[in-house]
Amino acid sequence: AEHYRGEYQRAIENRLQQTYYAQIFHWCQRHGLPLTGHPTWGDDIGPQRYLHIPGQDSVWREVLPASALEGKQSTQAKCTSSAMAHFRRRRNMNECCGVYGHELTWQEMKWLANWCFVRGVNMLCPHAFFYSVRGARIDERPPCVGPNSPWWDRYKLYADYCRRMSCLNTDCQHVCHVAILGQTNFLPWRAARVCFQHQRDFNYLEDRHLWEDADVDEHGIRLADMHYDLLIIDGIDALPNRAQPAIELLESAGRVVRFAPGREAKLLDTIDRHVPSDLALTPHHHDVRYRHVIKNGHHFYIICNEGLAPVSAAVRVSVKGRGDWLDPLHNSCEPAGPDPCLSIAPYTTLILHIPPNESPPSPGQQRKRVNVPKLD
């Protein structure tokens with residue numbers, strides 16, 4: 001019964017895309033208008049193809065530090081950034097803070113922005129700026145994050161930070177070689193949680209790409225500007241017949257791993273065999289997330305502490321060269337040194353920037369400073 005209920009819901013979802021999303025999308029196409037919005041659930045990836053700016057909605061305190069990696073809503077930021085990459089969209093959006101309540105703090109609002117940015121979001125729509133909160137209006141979808149909020153004097157600091165991070169995540173190349181298979185209305189989060197906690201980055205891949213527009217061979221999956229060396233299958237028991245040839249080809253090449261709870265070590269070992277570690281921490285920390293992008297030849301490792309405790313660790317990255325630590329909130333920069341050491345407070349994002357083609361200085365020679373690209 002569970003299988004048939006799933007098939008029924010997927011049929012409804014596919015019909016909704018044809019009769020609703022697709023028609024509005026094509027009308028906007030004809031009239032030169034970009035379409036954005038968000039579907040019902042945080043793991044609805046199918047409708048994202050019909051949005052010029054793929055979008056999701058962080059609402060009702062469904063995304064918090066305690067639930068950042070669990071449940072349907074935990075997939076939403078990766079859902080839109082993956083769709084942005086696979087459909088060659090320039091932006092992807094998250095409507096954040098809606099109905100988080102009057103108790104929402106400035107730190108929580110920044111944490112939610114960090115949660116989005118380290119997963120690839122590059123446009124935020126904070127909910128909401130109310131013209132007035134007089135009378136009963138004060139409880140209409142609180143909080144007010146505009147001039148009526150208690151942290152309005154710090155809002156420019158927050159907005160400038162969001163601008164810099166959005167800039168960094170736009171018109172860049174995402175460095176990622178692992179895909180987690182999803183379906184039009186389902187994205188698995190258990191394997192994703194393991195990847196997040198062990199600094200193994202990934203994108204979600206909707207199954208229909210396997211027979212529609214992806215190039216699949218014994219070397220992996222090529223889609224848009226991405227090349228995936230490994231495909232993770234988690235929680236999908238029945239795949240469409242049209243996906244089977246691609247899955248069988250990838251499995252024969254050893255490029256598919258099927259995940260089940262309790263098999264975390266096997267998942268990580270398989271990833272390591274096919275995808276060399278891009279960022280590693282010593283000691284390891286479960287609360288650190290990262291995203292590696294290349295922009296104008298410069299490498300940027302976006303590193304976020306989503307936990308409640310400070311983190312100190314040695315950092316090893318795959319890109320060679322001395323770098324700089326960028327603080328995007330305060331727009332500051334300091335040299336990282338030959339052996340970068342991460343010291344990051346809770347709810348904080350730092351960026352390790354490595355410039356292109358930099359050779360290490362010879363003994364006694366002062367390092368030549370490379371201009372750090374302005375995120376403004």
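Pro 283 sits in the loop that runs between strand S12 (279-282) and strand S13 (288-295). In this predicted model, the peptide bond leading into Pro 283 from Thr 282 is cis, with omega near 0°. Another cis peptide bond links Pro 142 to Pro 143, this time with omega at about 10°. Pro 143 belongs to the loop between strand S3 (123-124) and helix H4 (155-168).

Backbone oddities also turn up in phi. Gln 199 is not a glycine, yet its phi is positive, at about 55°. Gln 199 is placed in the loop between H5 and S6, and with a relative accessible area of 3% it is buried. Ala 224 likewise has a positive phi, near 55°, in a residue other than glycine. Its loop is the one between strand S8 (220-223) and strand S9 (226-228). At 29% relative accessibility, Ala 224 counts as partly exposed.

Strand S5 (residues 178-182) is a handy place to look at the sheet. Of its 5 residues, 5 are buried, so the strand is mostly covered. In general, side chains in a regular strand alternate between the two faces of the sheet. In S5, Val 178, Ile 180 and Gly 182 point one way while Ala 179 and Leu 181 point the other way, and all are buried. On one pairing, S5 runs parallel to strand S10 (residues 230-234), joined by 3 bridges, and Ala 179 stands opposite Leu 231 of S10. S5 also pairs with strand S6 (residues 203-206), again in the parallel sense, over 4 bridges. Here Gly 182 faces Glu 206 in S6. Put S5, helix H5 (residues 190-197) and S6 together and the result is a right-handed β-α-β unit.

The loop between S5 and H5 holds Asn 185, which counts as buried at 16% relative accessibility because the cut-off is 20%. Asn 185 and Gly 6 are 179 residues apart in sequence, but their C-alpha atoms are 9.4 Å apart in space. Setting aside neighbours within four places in sequence, Asn 185 is in contact with Gln 9, Arg 10, Glu 13, Asp 43, Asp 44 and Lys 72.

Then there is the packing. Nonpolar side chains tend to be buried together in soluble globular proteins. The largest nonpolar core here has 55 residues, of which Met 109, Leu 124 and Ile 232 touch the most other members. Helix H3 (residues 106-117) gives the most to this core, contributing 8 residues. A second, separate core has 19 residues, among them Cys 176, Ala 179, Leu 231 and Ala 246. Back in the largest core, the contacts of Ile 232 beyond four places in sequence include Val 178, Ile 180 and Leu 181 from S5, along with Val 257, Phe 259, Leu 267 and Ile 271.

H3 itself is largely enclosed by the rest of the structure, since 10 of its 12 residues are buried. The buried set is Trp 106, Met 109, Lys 110, Trp 111, Leu 112, Ala 113, Asn 114, Trp 115, Cys 116 and Phe 117. The length of H3 checks out too: at 1.5 Å a residue, its 12 residues should span 16 Å, and the end C-alpha atoms are 17 Å apart, which agrees.

As for cysteines, a search of the whole structure finds 0 disulfides. Cys 79 is in none, and the nearest cysteine sulfur, belonging to Cys 116, is 12 Å away. Cys 79 is buried, at a relative accessible area of 0%. Cys 97 has the sulfur of Cys 96 as its nearest, 4.0 Å away; a disulfide needs the sulfur atoms within 2.5 Å, so this pair does not qualify. Cys 97 is buried as well, at 0% relative accessibility.

Two further buried sites round out the picture. Ser 81, in helix H2 (residues 76-86), has a relative accessible area of 3% and is buried. Beyond four places in sequence, Ser 81 touches Asn 92, Arg 119, Gly 120 and Val 121. Ala 336 is found in strand S17 (residues 332-337) and counts as buried at 11% relative accessibility. Not counting residues up to four places away, Ala 336 touches Gly 323, Asp 324, Trp 325 and Leu 352. Leu 352 is 16 residues from Ala 336 along the chain, with 7.7 Å separating their C-alpha atoms.

Definitions and conventions. Residues numbered from 1 in each chain as written. Predicted model: local features only at pLDDT ≥ 70, side-chain atom pairs only at ≥ 80, totals over all residues. Heavy atoms only, no water. Helix = DSSP H or I, 4+ residues; strand = E, 2+ residues; numbered from the N terminus. Buried < 20%, exposed > 50% of the residue type's maximum accessible area, 1.4 Å probe, protein only. Contact = heavy atoms within 4.5 Å. Pairing = 2+ DSSP bridges. Right-handed = clockwise from strand over helix to strand, strands pointing away. Core = buried A, V, L, I, M, F, W, Y, C linked by side-chain atoms within 4.5 Å. Expected span 1.5 Å × (residues − 1).
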